[in-house]
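Q: Hi! I have a structure open and would like to go through it with you, piece by piece. Can we take a look together?

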Amino acid sequence: MLRKKGLSEVIATILLILISVTSVVLIYSFVVPMIRGGLTEGEQCFKARDHLRIVDSDFTCSTSTYTTIMVKRGLEDIEISGFVLSLLSGASSISYEIKPGIMAGVQMYDETNTLTQNLIIPLAGEARTYYFQQADVTNAEIGVLLENGKICKTSSAIIPQCPQQ
C-alpha cells in the first residue's frame, strides 16, 4: 500500500510539470505573435508621426461655402497609400479618405493654381492644397493611411476663417 502512495505522488508531480510546460507553450504561442504584431504597427505609426501635417497658412481656411486645407509631407519618403482628413464643423464632422484619383466633394489646386478633380498625394517635401465643399470648418485632423490600411493620426489644427477678398 505504501508503494502505491509514493508512486501516485511521483505521477502527480510529473502531471503538474506537464501541465505547467503545456500552459507556458500555449501562452507563448498566443502572446508573442500578438506583441510582435502590435510592436510592428506601433513602429509604423511612430515613423509616420511627423510625415503629414496641416500647414498653418493663408491656404488653410474656411468660409460659409467651402474649406481649403494645405497638407505638407515630410522629407522622409515612407510608403503611404493616402491620408484621412477629418473636418469638424459645429457639432458634426466628416472624414475624407484622400487617395490618388477622383473623389466626390474634393478638389485640389494644381501647379497652375487651378482646381482639378484629379487628386494626388504630396511627394516627400511637397505641399498640396485641397478644396472641400464643406462650410464653416473650425478644426481638422489628419492621419496617414499606410499601405496595410492602418490609419495613424499625425496632427490636428484649428482652421481660421478665410480672409475677405
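Q: Let's start with Asn 113. Where does Asn 113 lie?

A: Happy to help! Asn 113 lies in the loop that runs between strand E7 (106–109) and strand E8 (115–116). Please keep in mind that this is a predicted model.

Q: Okay, and is Asn 113 buried or exposed?

A: Asn 113 counts as exposed, because its relative accessibility is 54% and the cut-off for exposed is over 50%.

Q: What about its backbone, what is phi of Asn 113 near?

A: Phi of Asn 113 is near 65°. That is a positive value in a residue other than glycine.

Q: Which value does phi of Asp 136 come near?

A: For Asp 136, phi is near 50°, again a positive value in a residue that is not glycine. Asp 136 is found in the loop between strand E10 (127–132) and E11.

Q: How much of Asp 136 is accessible?

A: Asp 136 has a relative accessible area of 37%, so it is partly exposed.

Q: New topic: salt bridges. How many does a search of the whole structure find?

A: The search of the whole structure finds three salt bridges. Let's take them one by one.

Q: Sure! Which residue does Lys 99 form a salt bridge with?

A: Lys 99 pairs with Glu 97, and the closest N and O atoms are 3.5 Å apart. Lys 99 is partly exposed, with a relative accessible area of 37%. Glu 97 also counts as partly exposed, at 40% relative accessibility.

Q: And what does the side chain of Arg 128 meet in a salt bridge?

A: The side chain of Arg 128 meets that of Glu 111, at 3.0 Å from N to O. Arg 128 lies in strand E10 and Glu 111 in the loop between E7 and E8, so this salt bridge ties together parts that are 17 residues apart in sequence.

Q: Are Arg 128 and Glu 111 buried or exposed?

A: Arg 128 is buried, with a relative accessible area of 11%, whereas Glu 111 is exposed, at 66%.

Q: Which residue does Glu 126 form a salt bridge with?

A: Glu 126 forms one with Arg 128, and the closest N and O atoms there are 3.3 Å apart. Glu 126 is partly exposed, at 27% relative accessible area. Salt bridges with shared partners join Glu 111, Glu 126 and Arg 128 into one network.

Q: Nice. Switching again: how many disulfides does the search find?

A: The search of the whole structure finds one disulfide. As a reminder, a disulfide is a covalent bond between the sulfur atoms of two cysteines. Here Cys 61 and Cys 162 form it, with their sulfur atoms 2.0 Å apart.

Q: Where in the chain are Cys 61 and Cys 162?

A: Cys 61 is in strand E2 and Cys 162 is in the segment after E12. The two are 101 residues apart, so the pair links distant parts of the chain.

Q: Are Cys 61 and Cys 162 buried or exposed, and what is the angle about the S-S bond?

A: Both Cys 61 and Cys 162 are buried. The angle about the S-S bond is 90°, and the link is right-handed.

Q: You mentioned E12. What order do the strands have in the open sheet of four?

A: The order is E5-E4-E11-E12, and the pairing is antiparallel. Strand E5 (92–98) and strand E12 (151–158) are the edge strands, each pairing on one side only. From one strand to the next, the twist averages 20°.

Q: Over how many bridges do E11 and E12 pair?

A: Strand E11 (residues 139–146) and E12 pair over seven bridges, in the antiparallel sense. For Ala 140, the bridge partner in E12 is Ala 157.

Q: Last one: where does Thr 60 lie?

A: Thr 60 lies in the loop between strand E1 (52–54) and strand E2 (61–62).

Q: Is Thr 60 buried or exposed, and what is Thr 60 in contact with?

A: Thr 60 is buried, with a relative accessible area of 2%. Leaving aside neighbours within four places in sequence, Thr 60 is in contact with residues including Ile 54, Val 55, Ile 159 and Pro 160. Met 70 is another of its contacts, and a polar atom of the Thr 60 side chain lies 3.0 Å from the backbone nitrogen of Met 70.

Definitions and conventions:
Residues numbered from 1 in each chain as written. Predicted model: local features only at pLDDT ≥ 70, side-chain atom pairs only at ≥ 80, totals over all residues. Heavy atoms only, no water. Pairing = 2+ DSSP bridges. Axes fitted to C-alpha atoms, helices over the stretch in contact; angles between N-to-C directions. Buried < 20%, exposed > 50% of the residue type's maximum accessible area, 1.4 Å probe, protein only. Polar contact = N/O pair within 3.5 Å; in protein donor to acceptor, adjacent residues only side chain to side chain. Contact = heavy atoms within 4.5 Å. Disulfide = S-S within 2.5 Å. Salt bridge = Lys/Arg side-chain N within 4 Å of Asp/Glu carboxyl O.
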